[in-house]
Amino acid sequence: MPFQESSTPHVTGPSASSESMTPVREPSRLSRLLLFGALVAIGPLTIDMYLAAFPTIVSDLNTTESAVQLTLTATLVGLALGQLTIGAISDAVGRRIPLITALSAFVLVSVSITAADTINSLIILRFLQGFTAAAGMVLSQAMVRDLYSGSVMATFISRLFLIVGVAPILAPSIGAQFLHFFEWHSIFWGLAIFGLVLVGLSLFMVKETLPTERRSAKGPKPVIASYGVLARDRRYVGLVLTAATAMGALFAYISSAPFIFQDLYGMSTQEYALVFAAGAGSLTITSQINGSLVKRHHPANIMRIALPVGVVVAVALLIASLLDLGVVATVAGVMAIMGVVGFIMPNSPVIALNDHARRAGAAAAVLGASNFVFGAIIAPISGAFGAASPVTMAGVMVGCLSASTFFYWTLARPKDIVATMEWERA
């Protein structure tokens with residue numbers, strides 16, 4: 001049996017602590033949805049906006065494709081470590097202050113990147129950019145768990161992906177426009193402006209969601225103890241591995257797509273942006289279907305169907321790539337796999353966070369960090385075996401989704417989840 005904690009719903013915001021006294025009214029659920037969506041979107045925008053610039057960066061900095069892919073790896077590692085650090089800190093001091101501090105640092109780092117003129121400096125700064133961007137991603141999830149539970153939380157997170165899904169749809173197109181009118185450094189001026197907007201929204205709209213009485217003790221020992229509880233929870237570990245390996249399929253696509261569609265298939269940056277938008281749109285649509293399904297079906301049962309379907313689709317994409325069926329088959333396969341991921345991404349955190357309301361920051365941090373650590377591993381693997389090869393991308397996707405299915409059945413154990421995790425149908 002996994003470690004269980006009370007999952008009493010927090011449908012309304014908790015009473016404000018002394019540090020959360022802000023001159024704003026209690027936000028509506030829609031306002032929170034829009035705000036949290038913007039905060040989560042900082043991650044996809046930070047990752048995706050410069051992808052179309054990969055070939056340009058290779059030429060401008062006189063470097064290699066694999067070296068440029070390391071800038072993506074550095075960003076993912078930064079996002080992972082940032083979530084682990086900021087998530088644990090927020091369980092002790094609250095959500096609001098770490099959020100505003102990290103977002104302010106994100107703005108400064110983004111401005112610094114505009115002056116980067118070597119691949120080494122770009123790698124270092126991208127790590128710092130990822131580290132600071134992590135606050136928006138991990139703290140938005142922690143705040144959702146502070147406020148909601150059960151099917152309300154599941155529906156909220158699924159709706160959140162409607163907003164989050166827009167970010168990867170728009171990011172390559174926005175990046176392509178920057179490249180059309182300016183040089184690639186200008187993309188990071190755009191990210192700096194977006195970060196500055198988030199700082200302003202957080203100052204005036206984010207209210208503290210974690211009251212003093214629910215905070216953990218300060219210092220390293222409580223943090224270590226909190227992560228220890230999570231590490232001993234078989235179900236939680238299984239869900240973390242399930243989500244991370246499934247996200248590996250997404251990162252295999254993200255790291256390879258610019259080279260496959262622009263270098264191999266000869267697409268322009270505008271055409272590439274449209275193809276990338278199609279994949280992100282597929283993920284967004286299925287996440288919204290999931291938002292309706294969780295009102296009637298347990299999220300564990302939804303994942304029990306989605307994961308094997310993902311393996312089948314990935315194998316089909318691999319066969320199509322081996323037979324060299326062309327760009328249409330590649331795009332169709334990628335869209336189908338992104339659609340499967342749209343069912344996994346919202347449901348994994350819902351189940352994983354359900355048992356750990358008192359350490360939501362740490363629990364959300366491990367979930368998010370594991371995703372990006374695995375993504376950081378996948379990106380260079382894809383590059384080592386041919387960044388511009390759809391066969392390599394499809395092969396990595398097959399491996400990732402097969403591993404995800406294995407972890408879900410052997411560690412998370414969906415039958416146990418359904419039997420022990422009560423689910424209120426809407």
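**Exercise 1. Classify V312 as buried or exposed, and place it in the fold.**

Solution.
Step 1. V312 has a relative accessible area of 58%. This value comes from a predicted model.
Step 2. Exposed means over 50%. V312 is therefore exposed.
Step 3. Now find its element. V312 lies in helix α11.
Step 4. Look across to S402. It stands 90 residues from V312 along the chain. The C-alpha atoms of V312 and S402 are separated by 9.3 Å.

**Exercise 2. Describe how helix α11 and helix α14 cross.**

Solution.
Step 1. Locate the helices. α11 covers residues 299-322, and α14 covers residues 390-412.
Step 2. Take the distance and the angle. The two axes come within 8 Å and cross at roughly 155°.
Step 3. Name the arrangement. Angles over 145 degrees count as roughly antiparallel, so α11 is roughly antiparallel to α14.
Step 4. Add the hand. The crossing of α11 and α14 is left-handed.
Step 5. Sort the residues of this contact. There are 19 nonpolar, 6 polar and 1 charged.

**Exercise 3. Do the same for helix α3 and helix α5.**

Solution.
Step 1. Locate the helices. α3 spans residues 65-93, and α5 spans residues 119-147.
Step 2. Their axes come within 6 Å. The crossing angle is roughly 35°.
Step 3. Give the hand. α3 and α5 make a right-handed crossing.
Step 4. Sort the residues. The contact of α3 with α5 has 19 nonpolar, 9 polar and 1 charged.

**Exercise 4. Work out the geometry of the aromatic pair Y50 and F54.**

Solution.
Step 1. Start with the total. The structure holds 7 aromatic pairs. Y50 and F54 form one of them.
Step 2. Pick the descriptors. A ring pair is described by the distance of the centres and the angle of the planes.
Step 3. Fill them in. For Y50 and F54 the centres are 5.0 Å apart, with 80° between the planes.
Step 4. Apply the cut-off. Planes over 60 degrees apart count as edge-to-face, so the pair of Y50 and F54 is edge-to-face.

**Exercise 5. Describe the surroundings of Y50: which residues are linked with it in a cluster by ring pairs?**

Solution.
Step 1. Follow the ring pairs. They link Y50, F54, W184 and F188 into a cluster.
Step 2. Check accessibility. Y50 has a relative accessible area of 1%, and F54 has 0%.
Step 3. Buried means under 20%. Y50 is therefore buried, and so is F54.
Step 4. Look for a charge. The charged end of R126 sits over the ring of Y50. Its distance from the ring centre is 3.9 Å.

Conventions. Residues numbered from 1 in each chain as written. Predicted model: local features only at pLDDT ≥ 70, side-chain atom pairs only at ≥ 80, totals over all residues. Heavy atoms only, no water. Axes fitted to C-alpha atoms, helices over the stretch in contact; angles between N-to-C directions. Helix = DSSP H or I, 4+ residues; strand = E, 2+ residues; numbered from the N terminus. Parallel < 35°, antiparallel > 145°, perpendicular 65-115°, else oblique. Left-handed = near helix turned anticlockwise from the far one by under 90°. Nonpolar A, V, L, I, M, F, W, Y, C, P; charged D, E, K, R; others polar. Phe/Tyr/Trp six-rings, centres within 6.5 Å; stacked < 30°, edge-to-face > 60°. Buried < 20%, exposed > 50% of the residue type's maximum accessible area, 1.4 Å probe, protein only. Lys NZ or Arg CZ within 6 Å of the ring centre and 35° of its normal.
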